[in-house]
Each structure stands twice: as structure tokens, then as C-alpha cells.
Amino acid sequence: MKEKGMELKELFTGFAYNGASCLFYSVDKDGGIWVLLGKRRNAHLFSSPYHWSIPEGTIKDGESALDAAMRIAYEETGILDDRNKAELFWSAVEGGISEAIYCLKLSTKVPPKQTKSYTDLSWFRLGDRIDDMDPLASDQLRKFESYLKTMKKAV
């Protein structure tokens, strides 16, 4: 069976959406990569309720994808952004759907602030099994891992 990736055009037909996300990550002294995920209180467009996901939301009129990703990440985690260091690691535009996902490396695993968006915000080691992971977030993390491998080869 063919594994499905993020085929946006197959998710929704006749639907318009412009979204952005920011994945905060940190590298520990042993080289382990940690990512910050939130467990949503309610369903949020592509994310299931009570499943771990990357902070994600809608781009407002006149807002760039990067500005939206940083705004959403701050609103949902309380972590201030450094948009000059954020890197786009995946994007797609298909039909009426567009999505841009940025990553931002933090020097340490900054403790997030609880917000109304999540029942929990936690750091997870990339590659570890995460129970209750949103299927879309699983795919996004695989794309992030691929991006990191590509970046290491480019250096």
C-alpha cells in the first residue's frame, strides 16, 4: 500500500485555506533533536482534538506566511520569535489550499506557556514514538527530518 503524504488537493475539494506553522526545535549536547508539540483542546482544521500537533493557524489578510507562523506560534506557545532565523522547510499550494511550515531553532528547550489552544505543550525527542500523534503532524515531522538531512548534506 502506498504511504500517503501531505496531498492537500486530496484532503479537501472546493475548500479555500491559507495556513502557516512554526516548529520550534532544539539540539541537546548529545546531538539529539527536540521538537515542541501541543495537544489540542479541540479539532483545528487539519488537527484532531487531543492529539499532538505543530502550532498551526490561518494567515490573515495582508499577512505573510512567515509573519503568520510567528504570530500563531507565539499565541499558542508564548515563545517569542526570532523570524530572522526561521527557515521554511515545507510548503505547498494546491487548489484553494496553501500551507507553509517554518522551523526555528532555539538554544534551549524553552518552557512554553500554557495557552487556551492546548491541554499540554511538551518537548519530544525527534524520532521517538509519540502516542496520540495527529497523522498530519507525523507527516510534517517526517518532512522536517528529511529537511534536516538535506541541510546536513548541503553543509
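Is D82 buried, partly exposed or exposed? D82 is partly exposed, with a relative accessible area of 31%, and we will return to its partner in the third view. This is a predicted model, where local features need pLDDT of at least 70, side-chain atom pairs count only at pLDDT 80 or more, and totals for chains, interfaces and linings use all residues. Residues are numbered from 1 along each chain as its sequence is written, and side-chain values use heavy atoms, with hydrogens and water left out.

**View 1. The chain is built from 3 helices and 7 strands.** Following the chain from its N terminus, you meet the elements in the order α-β-β-β-β-α-β-β-β-α. Here helices (H or I, at least four residues) and strands (E, at least two) are DSSP runs, numbered from the N terminus. Of the 155 residues, 46% are buried; buried means under 20% relative accessible area, exposed over 50%, and partly exposed in between (1.4 Å probe, protein chains only). Take the contacts (heavy atoms within 4.5 Å) between residues at least 6 apart in sequence: 67% of them join residues at least 24 apart. The accessible surface of the chain comes to about 8800 Å², and 51% of this belongs to carbon and sulfur atoms. Such areas come from the Shrake-Rupley method with a 1.4 Å probe, and for residues only the protein chains shown count as cover.

**View 2. K39 and D132 are joined by a salt bridge.** Side chains of opposite charge can pair when their charged atoms come close. A salt bridge is a side-chain nitrogen of Lys or Arg within 4 Å of a carboxyl oxygen of Asp or Glu, and the count by this rule is 8. For K39 and D132, the N to O distance is 3.5 Å. K39 sits in strand β2 (residues 33–40) and D132 in the loop between β7 (118–125) and α3 (135–154), so this pair ties together parts that are 93 residues apart in sequence. K39 is buried, at 18% relative accessible area, while D132 is partly exposed at 42%.

**View 3. D82 pairs with K85.** The closest N and O atoms of this salt bridge are 3.8 Å apart. As you saw at the start, D82 is partly exposed; K85 counts as exposed, with 56% relative accessibility.

**View 4. Helix α3 holds both D139 and R142.** These two residues are 3 apart, about one turn of the helix. Their salt bridge brings the closest N and O atoms to 3.3 Å. D139 is buried at 6% relative accessibility, and R142 is partly exposed at 35%. Elsewhere, E63, R71 and E75 form one network through salt bridges that share partners.

**View 5. C22 and C103 are not bonded to each other.** How many disulfides (pairs of cysteine sulfur atoms within 2.5 Å) does the count give? The count is 0. For C22, the nearest cysteine sulfur is that of C103, 7.6 Å away, which is too far for a bond. C22 is buried at 1% relative accessibility, and C103 is buried with a value of 1%.

**View 6. P111 lies in the loop between β6 (97–105) and β7.** Is P111 buried or exposed? P111 is exposed, at 67% relative accessibility. Its C-alpha atom is 8.7 Å from that of L121, a residue 10 positions away along the chain.

How values were computed:
A disulfide is a pair of cysteine sulfur atoms within 2.5 Å.
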